[in-house]
Amino acid sequence: MTEAVEYDVVVLGGGPAGENIVDRTRAAGLSTALVESELVGGECSYWACVPSKALLRPVLARADARRVPGLAQAVGGPLDTAAVLAHRDYWTGSWKDEGQIDWLDSIGAHLYRGHGRLYGVRKVAVTSPEGEHHVLAARHAVVVATGSRAVVPELPGIEGARPWTSREATSAQEAPGRLLIVGGSVVAAEMATAWQGLGSQVTVLVRGPRLLPRMEPFAGELVAEALTEAGAVVRTDVAVEAVVRDGSTGPVTVVLEGGETLEGDELLMATGRSPRTEDIGLETVGLTPGDWIGVDESCRVPGHDWLYAVGDVNHRALLTHQGKYQARIAGAAIAARVAGVPAADTGGWGAHAATADTRALPQVVFTDPEAAAVGLSLAEAERAGHRVRAVDYDLSKVSGAGLYADGYRGRARMIVDLDREVLLGATFVGPGAAELLHSATIAVAGEVPIARLWHAVPAFPTISEVWLRLLETYRD
């Protein structure tokens with residue numbers, strides 16, 4: 001190995017979490033190196049959040065427009081799929097990362113392209129695509145931000161079937177005629193919405209009883225109803241036993257439990273994620289390759305005062321915005337410890353504690369209707385032992401919803417801690433419901449008392465007036 005190059009901080013992985021660590025440590029005046037084997041910007045920028053929302057936006061906008069009197073007839077035709085895909089390509093930079101590199105240069109961070117591996121305590125070895133080798137030594141911290149990848153289950157015939165994962169689903173250059181989707185996750189629901197809207201005939205095969213199993217039950221139910229009305233087929237409580245594909249371009253067939261077969265032109269496996277830790281040198285510091293990396297509230301790895309893990313790889317919350325949040329928390333903790341602060345502020349909601357991961361976690365599913373939730377569901381709150389009440393309201397009864405769209409369908413729920421009279425969680429499902437979420441996130445994270453929420457007056461006639469209706473329902 002060559003002689004080590006020293007930095008205050010070395011970051012392994014250049015996705016959103018890694019970029020935010022770089023931003024925070026550079027802002028604190030620490031020299032920082034970033035190691036990335038693919039594109040700076042990571043999964044979210046090129047194969048997940050950004051391209052998927054670029055695909056979904058015209059589908060959702062058309063669905064909304066079709067519910068507005070005077071506009072519905074003007075948007076009756078199909079979408080221009082080629083234009084949608086071109087817009088998606090624009091938002092991914094056509095899978096080039098020059099803009100991200102310019103940003104790294106502007107803040108004085110150093111990029112090493114190549115495969116990085118831990119090389120013992122406070123060291124990272126990098127092999128470039130050209131075969132060059134570098135050793136980076138961290139004076140203070142190494143941060144692992146290598147993310148996760150899609151899991152493809154081991155099924156007979158799966159390898160030869162060349163299934164899509166989320167990467168292929170968000171980067172495809174044409175709409176398949178028939179798309180089979182296995183899974184009930186966010187990826188499954190969003191990609192079913194996108195490709196059905198772009199002209200594919202979509203069939204979703206869900207092993208469990210409903211879509212979106214981690215949200216309130218009504219979320220998956222309303223999304224499944226809308227997909228069915230759009231022409232998709234949603235089947236629950238079904239299991240795939242095998243996959244068959246003959247030739248390089250022929251159709252793909254899935255074999256269900258019991259022998260039934262279904263044929264499609266492409267198959268998307270939306271069946272979970274696994275950590276990208278199998279070849280990053282964890283064994284050199286006493287950790288297990290291929291495992292999720294456990295961390296404390298400041299995202300530091302227990303037993304390793306110099307090692308941190310942020311984003312998907314620590315399995316706290318597999319969401320881009322939470323990875324970025326963790327990076328801000330960890331960056332502040334690293335800077336404080338470098339400055340000699342005797343004790344990091346790691347108590348609940350402290351400056352160096354990623355408390356929101358467990359108590360105010362927000363998520364939006366960009367389907368039609370949108371599903372948005374923060375904090376605990378009713379089932380989660382009850383399992384945690386809280387004495388709670390679920391307060392429900394039909395969103396269609398809010399004037400703003402009726403003005404938003406004819407035939408508006410949606411539902412809102414807030415989970416009230418009866419002992420403290422604060423919110424533990426909230427869920428909104430309906431067209432445009434995503435923009436209701438941040439007010440709920442503030443209420444949950446801030447532990448705003450119900451009595452004070454009465455003074456947060458929603459403007460009339462907005463959909464956010466549902467807050468008043470929820471509070472009235474709770475009072476009554």
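Glutamine 363, leaving out residues up to four places away in sequence, touches Val186, Leu319, His321, Ala371, Ala372, Ala373 and Leu437. The model in which these contacts are found is a predicted one, and within it glutamine 363 belongs to strand S17, which covers residues 362-365. With a relative accessible area of 24%, glutamine 363 is partly exposed, since the buried class is reserved for values under 20%. Glutamine 363 can also be placed with respect to alanine 317, from which it is separated by 46 residues in sequence and by 10 Å in space, taken from C-alpha to C-alpha.

Two of the residues touched by glutamine 363, Ala372 and Ala373, are also touched by threonine 427, and this leads to another part of the fold. Threonine 427 is found in strand S21 and, at 5% relative accessibility, counts as buried because the limit for that class is 20%. Beyond its neighbours up to four places away in sequence, threonine 427 touches Glu216, Phe218, Arg411, Ala412 and Arg413 as well as the two alanines.

Strand S21, residues 422-430, is also one of the elements that supply at least two residues each to the largest nonpolar core. This core has 37 residues, and those with the most contacts inside it are Met414, Leu423, Phe428, Ile450, Val466 and Leu470. Besides S21, the elements that each supply at least two residues are helix H10 (320-338), strand S18 (370-375), strand S19 (388-394), strand S20 (411-417), helix H14 (437-445), helix H15 (450-453) and helix H16 (466-475), with H16 giving the most, namely five residues. In soluble globular proteins, nonpolar side chains tend to be buried together. Methionine 414 shows how the surroundings of one core residue are made up: setting aside neighbours within four places in sequence, it is in contact with Arg389, Ala390, Val391, Leu423, Gly425, Ala426, Ile450, Leu470, Leu471 and Tyr474.

Apart from the largest core lies another, of 36 residues, whose members include Trp164, Val204, Met215 and Ala270. Trp164 also takes part in ring contacts, and the structure holds six aromatic pairs. In one of these pairs, the rings of tyrosine 7 and tyrosine 112 have centres 6.1 Å apart and planes at 85 degrees, so the arrangement is edge-to-face. This pair joins distant parts of the chain, as tyrosine 7 is in strand S1 (residues 5-12) and tyrosine 112 is in strand S3 (residues 110-113), 105 residues apart, and both tyrosines are buried. Tryptophan 164 and tryptophan 195 form a tilted pair, with 6.2 Å from centre to centre and 55 degrees between the planes. Here too distant parts of the chain are linked, tryptophan 164 lying in the loop between helix H6 (158-161) and helix H7 (166-171) and tryptophan 195 in helix H8 (residues 186-197), 31 residues apart; both tryptophans are buried. A contact of another kind involves arginine 167, which lies over the face of tryptophan 47 at 3.7 Å from the ring centre.

Helix H8 leads on to the second largest pocket, since H8, helix H3 (49-65) and helix H9 (217-229) each supply at least two residues of its lining. The volume of this pocket is about 490 Å³. Of the 21 residues that line the pocket, those closest to its centre are Ala63, Arg67, Ala226, Ala230 and Asp368, and H9 gives the most to the lining, with five residues.

Note on methods: Residues numbered from 1 in each chain as written. Predicted model: local features only at pLDDT ≥ 70, side-chain atom pairs only at ≥ 80, totals over all residues. Heavy atoms only, no water. Phe/Tyr/Trp six-rings, centres within 6.5 Å; stacked < 30°, edge-to-face > 60°. Helix = DSSP H or I, 4+ residues; strand = E, 2+ residues; numbered from the N terminus. Buried < 20%, exposed > 50% of the residue type's maximum accessible area, 1.4 Å probe, protein only. Lys NZ or Arg CZ within 6 Å of the ring centre and 35° of its normal. Core = buried A, V, L, I, M, F, W, Y, C linked by side-chain atoms within 4.5 Å. Contact = heavy atoms within 4.5 Å. 1 Å grid on protein atoms, 1.4 Å probe; cavity = no way out; pocket = protein on both sides within 12 Å on 5 of 7 lines; lining within 4 Å. Points joined across faces, edges and corners; volume = space filled by probe spheres on them.
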